[in-house]
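Hi everyone, thanks for coming. I'd like to walk you through one structure today, so have a look at it on the screen and then we'll go through a few of its features.

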Amino acid sequence: MITDLWYKNAVLYCLSVRTFMDANGDGIGDFAGLERRLDYLQGLGVTAVWLMPFQPSPKRDGGYDISDYYGVDPDYGSLGDFVAFTHAARQRGLRVLIDLVVNHTSDRHPWFQSARSDPDSPYRDWYVWSKERPANYDEGMVFPGVQKTTWTYDAQAKAWYFHRFFDFQPDLNTANPAVRAEILKIMGFWLELGVSGFRMDAVPFVIAQKGADVKGEPREQFDMLRDFREFLQWRRGDAIILAEANILPKQDLDYFGDDADRMNMMFNFQVNQATFYALAAADSRPLAKAIEKTKPRPLSCQWATFLRNHDELDLGRLTEKQRQAVFAAFGPDTSMQLYDRGIRRRFAPMLSGDPRRLRLAYALMFALPGTPVVRYGDEIGMGDDLALKERECARTPMQWTPEANGGFTKAERPVMPVIGEGPYGFTHVNVADQRHDPDSLLSWMQSIIRQRKEAPEIGWGEVTPVETGDHAVLALRYDWRGNSVLCLHNLAPEPLEIVLRTGVEGPENAVMVDLLTGRRSEAGEDGRHRVFMEGYGYHWFRVGGLDALLRRTQT
């Protein structure tokens with residue numbers, strides 16, 4: 001039973017301990033450094049911190065190749081440092097989510113080493129094996145062009161093992177009850193150390209049928225999701241699972257559960273990809289359609305909305321024409337693209353650092369139905385280093401000051417190169433300078449995050465796209481507990497005027513107050529509002545004027 005739906009109106013902040021802040025001067029970020037920066041995160045206004053993998057790992061895939069689920073990689077500190085961090089976060093009212101990577105392990109994990117060394121090992125059936133090379137051994141790769149197969153022969157095991165991802169990441173046999181019991185044990189361990197939930201990695205692959213005899217599209221085993229959720233609610237009633245599941249809208253309820261008994265949250269990849277097309281083409285129609293398609297969900301479930309994350313921007317759900325429009329606008333050079341399906345850049349360079357477009361894009365993200373997720377460094381407009389391979393280009397260390405290595409570390413050689421040259425170098429883009437500039441992106445982000453938290457209608461309310469008469473303007477109205485908020489965003493560089501009805505009846509709703517500026521808009525005698533939109537402009541109106549604003553604060 002859910003006791004607290006805190007995630008419905010939260011603001012999440014994603015970071016990698018490895019590249020956030022180094023406290024001991026070895027060039028690698030650590031939990032002691034992260035703890036020092038909790039006051040910064042609290043000041044930014046976020047309410048929860050999502051940590052990418054920090055467990056012991058060979059780090060051949062950014063830590064997503066885990067070799068011990070019950071520890072902290074020595075590079076980042078100890079379990080004691082982790083507990084000190086979660087305690088310090090709790091003191092500041094910040095919740096902590098961590099990655100749960102249980103589709104696969106590292107090939108160096110003791111489980112796999114035991115499994116491959118002895119066919120009678122108790123861990124043999126924890127992985128997926130085949131004595132003969134499966135007919136589909138070269139199908140279903142997640143990283144086409146880099147990854148050659150999904151089955152690899154192991155000479156020691158004298159058998160082929162399945163790996164949906166890289167060959168050094170053998171898949172766990174999640175249909176095995178012993179493996180599923182171990183996943184619950186892992187969840188319980190970290191819950192006891194202070195986390196408020198998990199971002200579950202690659203959920204469709206976790207629950208898919210696995211094996212050489214699986215033909216065609218593997219069926220999902222959705223009962224697993226219910227098992228995970230039941231255990232989570234039993235151990236901690238307000239803990240959540242945020243699922244990474246890039247699926248079609250027709251499957252949404254399979255993952256949420258008709259009775260809201262599976263995943264609490266999911267990333268909305270449909271809306272994310274449509275958002276980038278809207279920004280590229282100044283056309284809000286596909287985005288409004290994506291919002292409508294993903295609208296059905298149980299009341300206690302929630303979408304997570306985002307612009308960029310640690311992976312490439314996947315455009316696989318767009319039409320070919322739409323995808324090419326996004327490539328042309330934001331990643332025209334092949335060095336900016338990845339796997340023929342996405343863009344590997346940071347967000348600010350994609351928009352050429354244009355302050356108007358950056359503010360519009362983030363205002364739009366915070367106004368989309370769901371809970372916003374901000375990636376570390378995006379609040380100051382950090383850039384990327386395209387000289388780094390694949391997705392590493394957008395995972396560079398946080399830029400804190402204009403000092404050496406951006407204040408990330410005092411070591412001469414950081415774990416990854418800090419961006420030091422060009423318009424996105426740390427001497428130009430850093431927290432220290434922007435926090436003292438009221439016109440900076442950081443100051444603006446603090447303001448919009450505060451306003452987003454003060455508009456719970458967006459997180460909780462029923463969303464309705466409103467017709468504006470211009471495809472360049474996206475209008476979304478949220479209704480909740482007798483209150484309404486209307487969010488307008490002009491995706492085009494040209495100023496324009498729109499004429500619209502709010503859709504909320506009653507004479508008291510003839511006035512709208514802009515939550516971002518305090519300006520008023522009064523309806524004409526025909527009941528319509530005429531709103532001037534600057535190029536890349538945006539307005540968040542509370543419908544009903546100041547009376548509605550006061551009424552909302554009393555509910």
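Okay, let's start with the cysteines. If you search the whole structure, you get zero disulfides. Keep in mind that what you're looking at is a predicted model. Two cysteines to point out: Cys301 has a relative accessible area of 0%, so it is buried. Cys487 is also at 0% relative accessibility, so that one counts as buried.

Now come over to strand 19, residues 511-514. Are its faces covered or not? Both are covered: Val511 and Val513 are buried on one side, and Met512 and Asp514 are buried on the other.

What about its neighbours? Strand 19 runs antiparallel to strand 20, with three bridges joining them, and Val513 sits opposite Arg520 there. The two strands make a hairpin with five residues in between, and in that turn Gly518 has a positive phi of about 85 degrees. Strand 22 is also antiparallel to strand 19, again through three bridges, and here Asp514 stands opposite Phe541.

Asp514 takes us to the last stop, the second largest pocket, with a volume of about 570 Å³. It has 24 lining residues, and those closest to the centre are Asp514, Thr517, Glu534, Tyr538 and His539. Elements giving two or more residues to this lining include strand 20 and strand 22, along with helix 13. Which element gives the largest share of the lining? That's helix 15, with five residues. By class, the lining has nine nonpolar, seven polar and eight charged residues.

That's my tour, thanks for listening!

Key
Residues are numbered from 1 along each chain as its sequence is written. This is a predicted model: local features need pLDDT of at least 70, side-chain atom pairs count only at pLDDT 80 or more; totals for chains, interfaces and linings use all residues. Side-chain values use heavy atoms; hydrogens and water are left out. On a 1 Å grid over the protein atoms alone, a cavity is a set of points where a 1.4 Å probe fits but cannot get out, and a pocket is an open set with protein on both sides within 12 Å along at least five of seven lines; lining residues have an atom within 4 Å of a point. Grid points are joined across faces, edges and corners, and a volume is the space filled by probe spheres set on the points. Helices (H or I, at least four residues) and strands (E, at least two) are DSSP runs, numbered from the N terminus. Ala, Val, Leu, Ile, Met, Phe, Trp, Tyr, Cys and Pro count as nonpolar, Asp, Glu, Lys and Arg as charged, and the others, Gly among them, as polar. A disulfide is a pair of cysteine sulfur atoms within 2.5 Å. Buried means under 20% relative accessible area, exposed over 50%, partly exposed in between (1.4 Å probe, protein chains only). Two strands pair if DSSP finds at least two bridges between them.
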